[in-house]
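User: I am new to this protein and would like the terms explained as we go. Could you set each value against its cut-off before drawing a conclusion?

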Amino acid sequence: MSVAGLKKQFHKATQKVSEKVGGAEGTKLDDDFKEMERKVDVTSRAVMEIMTKTIEYLQPNPASRAKLSMINTMSKIRGQEKGPGYPQAEALLAEAMLKFGRELGDDCNFGPALGEVGEAMRELSEVKDSLDMEVKQNFIDPLQNLHDKDLREIQHHLKKLEGRRLDFDYKKKRQGKIPDEELRQALEKFDESKEIAESSMFNLLEMDMRLKEDKRFSIIPHCLPWFLISNR
(Lines give C-alpha, C1' and ligand atoms only; values in the text may rest on other atoms or scores of the structure.)
Protein backbone atom coordinates (compact mmCIF):
# COMPACT_ATOMS: atom_id res chain seq x y z
CA MET A 1 0.00 0.00 0.00
CA SER A 2 1.27 3.49 -0.87
CA VAL A 3 2.08 6.16 1.71
CA ALA A 4 -1.04 8.07 0.66
CA GLY A 5 -3.12 4.91 1.12
CA LEU A 6 -1.70 4.28 4.59
CA LYS A 7 -2.36 7.89 5.51
CA LYS A 8 -5.97 7.61 4.39
CA GLN A 9 -6.46 4.39 6.37
CA PHE A 10 -5.05 6.12 9.44
CA HIS A 11 -7.46 9.04 8.96
CA LYS A 12 -10.41 6.66 8.73
CA ALA A 13 -9.33 4.76 11.82
CA THR A 14 -8.88 8.03 13.72
CA GLN A 15 -12.37 9.19 12.73
CA LYS A 16 -13.90 5.84 13.69
CA VAL A 17 -12.27 5.93 17.13
CA SER A 18 -13.41 9.52 17.70
CA GLU A 19 -16.98 8.48 16.90
CA LYS A 20 -16.94 5.31 19.00
CA VAL A 21 -15.00 6.62 21.99
CA GLY A 22 -15.20 10.40 21.83
CA GLY A 23 -18.85 10.59 20.81
CA ALA A 24 -18.12 12.55 17.64
CA GLU A 25 -21.07 12.64 15.26
CA GLY A 26 -20.51 11.48 11.70
CA THR A 27 -22.43 12.38 8.56
CA LYS A 28 -25.94 10.94 8.84
CA LEU A 29 -27.49 8.95 6.03
CA ASP A 30 -31.16 9.61 5.29
CA ASP A 31 -33.94 7.41 6.71
CA ASP A 32 -34.84 5.87 3.34
CA PHE A 33 -31.24 4.77 2.83
CA LYS A 34 -31.05 3.29 6.34
CA GLU A 35 -34.33 1.42 5.82
CA MET A 36 -33.07 -0.06 2.54
CA GLU A 37 -29.84 -1.04 4.29
CA ARG A 38 -31.86 -2.76 7.04
CA LYS A 39 -33.97 -4.70 4.53
CA VAL A 40 -30.90 -5.80 2.58
CA ASP A 41 -29.22 -6.95 5.81
CA VAL A 42 -32.31 -8.97 6.81
CA THR A 43 -32.49 -10.43 3.29
CA SER A 44 -28.83 -11.48 3.45
CA ARG A 45 -29.27 -13.19 6.84
CA ALA A 46 -32.51 -14.83 5.70
CA VAL A 47 -30.92 -16.25 2.55
CA MET A 48 -28.03 -17.81 4.47
CA GLU A 49 -30.21 -19.34 7.18
CA ILE A 50 -32.87 -20.60 4.76
CA MET A 51 -30.23 -22.29 2.58
CA THR A 52 -28.71 -23.96 5.66
CA LYS A 53 -32.07 -25.08 7.07
CA THR A 54 -33.25 -26.36 3.66
CA ILE A 55 -30.18 -28.58 3.34
CA GLU A 56 -30.69 -29.81 6.91
CA TYR A 57 -34.34 -30.53 6.10
CA LEU A 58 -33.51 -32.59 3.01
CA GLN A 59 -30.33 -34.16 4.45
CA PRO A 60 -30.93 -34.52 8.21
CA ASN A 61 -27.84 -36.55 9.14
CA PRO A 62 -25.08 -34.04 10.08
CA ALA A 63 -22.29 -36.64 9.86
CA SER A 64 -23.35 -37.62 6.34
CA ARG A 65 -23.61 -33.96 5.32
CA ALA A 66 -20.08 -33.27 6.59
CA LYS A 67 -18.67 -36.34 4.83
CA LEU A 68 -20.52 -35.48 1.60
CA SER A 69 -19.26 -31.89 1.72
CA MET A 70 -15.66 -33.09 2.14
CA ILE A 71 -15.98 -35.60 -0.70
CA ASN A 72 -17.56 -33.01 -3.01
CA THR A 73 -14.76 -30.55 -2.22
CA MET A 74 -12.14 -33.18 -3.07
CA SER A 75 -14.03 -34.01 -6.28
CA LYS A 76 -13.87 -30.35 -7.34
CA ILE A 77 -10.15 -30.22 -6.57
CA ARG A 78 -9.63 -33.30 -8.76
CA GLY A 79 -11.68 -31.69 -11.52
CA GLN A 80 -14.56 -34.13 -11.24
CA GLU A 81 -17.94 -32.61 -12.07
CA LYS A 82 -19.97 -34.46 -9.48
CA GLY A 83 -19.35 -36.36 -6.27
CA PRO A 84 -21.59 -39.02 -4.72
CA GLY A 85 -25.06 -38.08 -3.55
CA TYR A 86 -26.42 -37.97 -0.02
CA PRO A 87 -26.90 -41.51 1.38
CA GLN A 88 -30.68 -41.60 1.80
CA ALA A 89 -31.86 -43.67 4.76
CA GLU A 90 -34.37 -45.37 2.45
CA ALA A 91 -31.52 -46.47 0.13
CA LEU A 92 -29.53 -47.93 3.02
CA LEU A 93 -32.59 -49.80 4.29
CA ALA A 94 -33.40 -51.01 0.77
CA GLU A 95 -29.84 -52.32 0.36
CA ALA A 96 -30.11 -54.35 3.57
CA MET A 97 -33.56 -55.75 2.68
CA LEU A 98 -32.55 -56.70 -0.86
CA LYS A 99 -29.32 -58.30 0.34
CA PHE A 100 -30.99 -60.54 2.92
CA GLY A 101 -33.95 -61.20 0.64
CA ARG A 102 -31.54 -62.63 -1.95
CA GLU A 103 -29.74 -64.70 0.69
CA LEU A 104 -33.00 -66.21 1.99
CA GLY A 105 -34.23 -66.94 -1.52
CA ASP A 106 -37.77 -67.98 -2.48
CA ASP A 107 -37.93 -70.99 -0.18
CA CYS A 108 -39.70 -68.97 2.51
CA ASN A 109 -42.12 -66.05 2.55
CA PHE A 110 -39.75 -63.72 4.37
CA GLY A 111 -37.18 -63.59 1.55
CA PRO A 112 -39.56 -62.46 -1.23
CA ALA A 113 -41.29 -60.05 1.18
CA LEU A 114 -37.96 -58.41 1.99
CA GLY A 115 -37.23 -58.19 -1.74
CA GLU A 116 -40.54 -56.46 -2.53
CA VAL A 117 -40.33 -53.97 0.33
CA GLY A 118 -36.64 -53.37 -0.39
CA GLU A 119 -37.45 -52.57 -4.02
CA ALA A 120 -40.16 -50.12 -2.89
CA MET A 121 -37.70 -48.44 -0.51
CA ARG A 122 -35.12 -48.19 -3.31
CA GLU A 123 -37.66 -46.42 -5.53
CA LEU A 124 -38.51 -44.07 -2.67
CA SER A 125 -34.82 -43.21 -2.22
CA GLU A 126 -34.62 -42.37 -5.94
CA VAL A 127 -37.60 -40.03 -5.56
CA LYS A 128 -35.86 -38.28 -2.66
CA ASP A 129 -32.63 -38.01 -4.69
CA SER A 130 -34.65 -36.42 -7.50
CA LEU A 131 -36.22 -34.02 -5.01
CA ASP A 132 -32.76 -33.08 -3.67
CA MET A 133 -31.59 -32.25 -7.19
CA GLU A 134 -34.76 -30.31 -8.04
CA VAL A 135 -34.59 -28.20 -4.89
CA LYS A 136 -30.86 -27.58 -5.35
CA GLN A 137 -31.26 -26.41 -8.95
CA ASN A 138 -34.45 -24.37 -8.54
CA PHE A 139 -34.19 -23.13 -4.96
CA ILE A 140 -30.78 -23.37 -3.28
CA ASP A 141 -28.67 -22.43 -6.34
CA PRO A 142 -30.69 -19.24 -7.09
CA LEU A 143 -30.41 -18.22 -3.43
CA GLN A 144 -26.68 -18.98 -3.46
CA ASN A 145 -26.31 -16.88 -6.61
CA LEU A 146 -28.24 -14.04 -4.98
CA HIS A 147 -25.96 -14.20 -1.93
CA ASP A 148 -22.68 -14.54 -3.85
CA LYS A 149 -23.45 -11.93 -6.49
CA ASP A 150 -26.05 -9.25 -5.67
CA LEU A 151 -25.81 -9.22 -1.86
CA ARG A 152 -22.02 -9.47 -1.83
CA GLU A 153 -21.81 -6.61 -4.32
CA ILE A 154 -24.10 -4.48 -2.14
CA GLN A 155 -21.97 -5.23 0.94
CA HIS A 156 -18.89 -4.18 -1.02
CA HIS A 157 -20.53 -0.85 -1.95
CA LEU A 158 -21.69 -0.26 1.64
CA LYS A 159 -18.21 -0.98 3.00
CA LYS A 160 -16.70 1.41 0.49
CA LEU A 161 -19.31 4.03 1.39
CA GLU A 162 -18.49 3.76 5.09
CA GLY A 163 -14.78 4.17 4.35
CA ARG A 164 -15.40 7.27 2.26
CA ARG A 165 -17.76 8.68 4.89
CA LEU A 166 -15.08 8.33 7.56
CA ASP A 167 -12.53 9.97 5.25
CA PHE A 168 -14.90 12.85 4.48
CA ASP A 169 -15.83 13.42 8.14
CA TYR A 170 -12.17 13.38 9.17
CA LYS A 171 -11.37 16.06 6.60
CA LYS A 172 -14.53 18.04 7.37
CA LYS A 173 -13.45 18.35 11.02
CA ARG A 174 -10.16 19.82 9.77
CA GLN A 175 -11.72 22.27 7.38
CA GLY A 176 -9.42 25.25 7.07
CA LYS A 177 -6.39 23.15 7.91
CA ILE A 178 -6.50 21.17 4.67
CA PRO A 179 -6.93 22.39 1.07
CA ASP A 180 -10.56 23.03 0.06
CA GLU A 181 -10.02 20.92 -3.05
CA GLU A 182 -9.14 17.90 -0.91
CA LEU A 183 -12.35 18.32 1.10
CA ARG A 184 -14.40 18.77 -2.07
CA GLN A 185 -12.96 15.58 -3.58
CA ALA A 186 -13.72 13.65 -0.39
CA LEU A 187 -17.33 14.87 -0.50
CA GLU A 188 -17.67 13.94 -4.18
CA LYS A 189 -16.35 10.42 -3.52
CA PHE A 190 -18.72 10.02 -0.57
CA ASP A 191 -21.71 11.17 -2.65
CA GLU A 192 -20.66 8.88 -5.51
CA SER A 193 -20.44 5.84 -3.22
CA LYS A 194 -23.77 6.70 -1.60
CA GLU A 195 -25.45 6.89 -5.00
CA ILE A 196 -23.98 3.55 -6.13
CA ALA A 197 -24.90 1.79 -2.86
CA GLU A 198 -28.38 3.29 -2.91
CA SER A 199 -28.92 2.26 -6.52
CA SER A 200 -27.75 -1.33 -5.94
CA MET A 201 -30.01 -1.73 -2.88
CA PHE A 202 -32.96 -0.12 -4.68
CA ASN A 203 -32.55 -2.48 -7.66
CA LEU A 204 -32.55 -5.53 -5.38
CA LEU A 205 -35.62 -4.40 -3.44
CA GLU A 206 -37.36 -3.23 -6.62
CA MET A 207 -36.88 -6.73 -8.06
CA ASP A 208 -38.57 -8.04 -4.93
CA MET A 209 -41.54 -5.71 -5.49
CA ARG A 210 -41.86 -6.71 -9.17
CA LEU A 211 -41.98 -10.38 -8.20
CA LYS A 212 -44.58 -9.57 -5.54
CA GLU A 213 -46.75 -7.83 -8.14
CA ASP A 214 -46.29 -10.93 -10.31
CA LYS A 215 -47.85 -12.93 -7.45
CA ARG A 216 -44.64 -14.82 -6.78
CA PHE A 217 -42.84 -15.37 -3.51
CA SER A 218 -40.62 -12.31 -3.08
CA ILE A 219 -37.02 -12.96 -4.19
CA ILE A 220 -37.37 -16.62 -3.20
CA PRO A 221 -37.76 -18.84 -6.28
CA HIS A 222 -41.22 -20.14 -7.00
CA CYS A 223 -40.37 -23.79 -6.29
CA LEU A 224 -40.47 -23.27 -2.51
CA PRO A 225 -44.17 -24.13 -1.98
CA TRP A 226 -43.81 -27.06 -4.39
CA PHE A 227 -40.97 -28.71 -2.50
CA LEU A 228 -42.65 -28.19 0.86
CA ILE A 229 -45.85 -29.84 -0.38
CA SER A 230 -43.84 -32.66 -1.98
CA ASN A 231 -42.35 -33.62 1.38
CA ARG A 232 -45.59 -33.90 3.31
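Analyst: A helix here is a DSSP run of H or I that is at least four residues long, and helices are numbered from the N terminus. The model is a predicted one, and its chain holds seven helices and zero strands, which gives the pattern α-α-α-α-α-α-α when read along the sequence.

User: Where does Phe33 lie, and what makes it count as buried?

Analyst: Phe33 lies in helix 2, which spans residues 31-58. A residue is called buried when its relative accessible area is under 20%, and Phe33, with a value of 0%, is therefore buried. Once its neighbours within four places in sequence are left aside, Phe33 is in contact with Leu158, Leu161, Lys194, Ala197, Glu198 and Met201. One of these, Ala197, is 164 residues away from Phe33 in sequence, although their C-alpha atoms are 9.0 Å apart in space.

User: Why is Leu58 called buried, and why is Asp41 called partly exposed?

Analyst: Leu58 is found in helix 2, and its relative accessibility of 8% is under the 20% limit, so Leu58 counts as buried. Asp41 also lies in helix 2, but its relative accessible area of 35% falls between the 20% limit for buried and the 50% limit for exposed, and therefore Asp41 is partly exposed. Each has a distant partner in sequence: the C-alpha atoms of Leu58 and Asp129 are separated by 9.5 Å across 71 residues of chain, while Asp41 and Gln155 are 114 residues apart in sequence and 8.9 Å apart in space, C-alpha to C-alpha.

User: How do you know that Ala94 is buried, and which residues does it touch?

Analyst: Ala94 lies in helix 4, residues 89-104, and its relative accessible area of 2% is under 20%, so Ala94 is buried. Not counting residues up to four places away in sequence, Ala94 touches Gly118, Met121 and Arg122. Of these, Met121 is 27 residues from Ala94 in sequence and 5.2 Å away in space, C-alpha to C-alpha. For the chain as a whole, buried residues make up 31% of the 232 residues, and among contacts between residues at least 6 apart in sequence, 72% join residues at least 24 apart.

User: What makes Phe168 and Phe190 a stacked pair?

Analyst: The structure holds one aromatic pair. The ring centres of Phe168 and Phe190 are 5.9 Å apart, which is within the 6.5 Å needed for a pair, and their planes meet at 10°, which is under 30 degrees, so the pair is stacked. Phe168 lies in helix 5 (residues 110-173) and Phe190 in helix 6 (residues 180-213), so the pair ties together parts that are 22 residues apart in sequence. Both Phe168 and Phe190 are buried.

User: Which residue lies over the face of Tyr170?

Analyst: Arg174 lies over that face, at 3.7 Å from the ring centre of Tyr170, and this distance is within the 6 Å allowed for a charge over a ring.

User: What lines the second largest pocket, and which group, nonpolar, polar or charged, do its residues fall into?

Analyst: The second largest pocket has a volume of about 370 Å³ and is lined by 15 residues, of which Lys12, Lys159, Lys160, Gly163 and Arg164 lie nearest its centre. The elements that give two or more residues to this lining are helix 1 (3-20), helix 5 and helix 6, and the largest share, eight residues, comes from helix 5. The lining divides into three nonpolar, three polar and nine charged residues. Lysine and arginine count as charged, while glycine counts as polar.

How values were computed
Residues numbered from 1 in each chain as written. Predicted model: local features only at pLDDT ≥ 70, side-chain atom pairs only at ≥ 80, totals over all residues. Heavy atoms only, no water. Phe/Tyr/Trp six-rings, centres within 6.5 Å; stacked < 30°, edge-to-face > 60°. Buried < 20%, exposed > 50% of the residue type's maximum accessible area, 1.4 Å probe, protein only. Lys NZ or Arg CZ within 6 Å of the ring centre and 35° of its normal. 1 Å grid on protein atoms, 1.4 Å probe; cavity = no way out; pocket = protein on both sides within 12 Å on 5 of 7 lines; lining within 4 Å. Points joined across faces, edges and corners; volume = space filled by probe spheres on them. Contact = heavy atoms within 4.5 Å.
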